[in-house]
Amino acid sequence: MASHGLAYDGCNFFRQRLVLSTLSGKRVRIKNIRSRDDNPGLRDFEASFIRLLDKVTNGSRIEINQTGTVLFYQPGLLQGGFVEHDCNPQRSIGYYLEALLMLAPFMKTSLKATLRGVTNDPADPTVDLLKSTALPLMKKFGIDGDGFDLKVLKRGMAPGGGGEVVFTCPVHRTIRPVQLTDPGKIKRIRGVAYSARVSPQMANRIVESARGILNQFLPDIYIYTDHMKGVNSGRSPGFGLMLVAETLNGCFLSAEMSSTPQGQGDPVLPEDLGRNCAKLLLEEVYRGGCVDSSNQSLALLLMTLGQPDVSKVLLGPLSSYTIEFLRHIRDFFQIMFKIEVQKPSEDERKGGDKVLMTCVGVGYTNINKTLK
């Protein structure tokens, strides 16, 4: 078992370490992966994630010990091309897609990835949320083009899955710096109420209850209903809601909720789900910032790999996941962010403290030169 490169302990933040290792070209060794559990080692969904990384790279070296508690990963070159992957149903496609969004712009050839599995579950960001928030955020950094898209061909609810999505992204090795310091006022709210293998009325009930709360604040609200049936509806019944608030300056804040997976926990009424999701969106607006909490790490990574120029992004209170991501960026890229806490103004007395993140990008092309 090789033991060079960065060393980490435990299974937390597994994706962060492997994605940043792939982008920086630095080897990583992770030990004591659930070593004290009754069922030690890597889980099936983590093994599936490693297989996906192996498919999009060329020449990666992966070593796992017999018990699965130690992993050594030496990244290869990001290849891209046509990739098909069956995601493990323990986690949704969003778990794998979040990593692909970070890797796709820096590949050798344009990426076209077909992912199959669970499209919507309560644990991970759904495909709908990533399409509505992560893609517009990447466009602000100059990642755009005719081939940049995310399509839901089949919807698959947890736990059975059966969904299918296609993600395409052209090559963008240069990321432009951004100045996202003023989110602006909320101008409209859009959303998708989806249902699969249940009555189409479920989606209508969700829309009605969500509008009951949101109409008190804003008139411009439109929530689409998306009812999948037949072969496009997956293997399990379920429903959910995804809401996005767009600001005057083109920033997107989102919230989502999905029904409890079949056979797990207490059932959820569509009316309760709609109301709770609307309240979650209001909570996200309350937190503020130009990037919602689910996409903070993506924005920070694109700032890091941008051109050697100053980028500034105003975020709401940092999540624990984002804080750990900043530590990993320091380890892999030796980049430190300047963090300024901004107290709420008189008009925003009830808002939380916002954080202005500033850094000078290292440039992905510069990383390649140092590796050579």
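1. The domain record. UniProt, in an unreviewed entry, lists residues 8–339 as "domain: RNA 3'-terminal phosphate cyclase". The model discussed here is predicted. In it, the end C-alpha atoms of residues 8–339 lie 25 Å apart. Helix makes up 31% of that span, and strand 27%.

2. Two helices side by side. Take helix 1 (residues 14–24) and helix 3 (residues 93–103). Their axes come within 10 Å. They cross at roughly 25°. Angles under 35 degrees count as roughly parallel, and therefore helix 1 and helix 3 are roughly parallel to each other. Their crossing is right-handed.

3. What fills the helix contact. Helix 1 brings Phe14, Arg15, Val19, Thr22 and Leu23. Helix 3 answers with Gly94, Tyr95, Glu98, Ala99, Met102 and Leu103. Sorted by character, the residues of this contact are 7 nonpolar, 2 polar and 2 charged.

4. An open sheet. Look next at a sheet of 4 strands. Their order is 11-16-18-17. The sheet is open, and its pairing is mixed. Which strands sit at the edges? They are strand 11 (179–180) and strand 17 (338–342). Each of these pairs on one side only.

5. One pairing in detail. Strands of a sheet pair through backbone hydrogen bonds, either parallel or antiparallel. Strand 16 (residues 310–315) and strand 18 (residues 354–360) take the antiparallel sense. How many bridges join strand 16 and strand 18? There are 6 bridges. For one residue to find on screen, try Ser311: its bridge partner in strand 18 is Cys359.

How values were computed. Residues numbered from 1 in each chain as written. Predicted model: local features only at pLDDT ≥ 70, side-chain atom pairs only at ≥ 80, totals over all residues. Heavy atoms only, no water. Pairing = 2+ DSSP bridges. UniProt positions renumbered as here; feature names shortened; annotations may be inferred. Axes fitted to C-alpha atoms, helices over the stretch in contact; angles between N-to-C directions. Parallel < 35°, antiparallel > 145°, perpendicular 65-115°, else oblique. Left-handed = near helix turned anticlockwise from the far one by under 90°. Contact = heavy atoms within 4.5 Å. Nonpolar A, V, L, I, M, F, W, Y, C, P; charged D, E, K, R; others polar.
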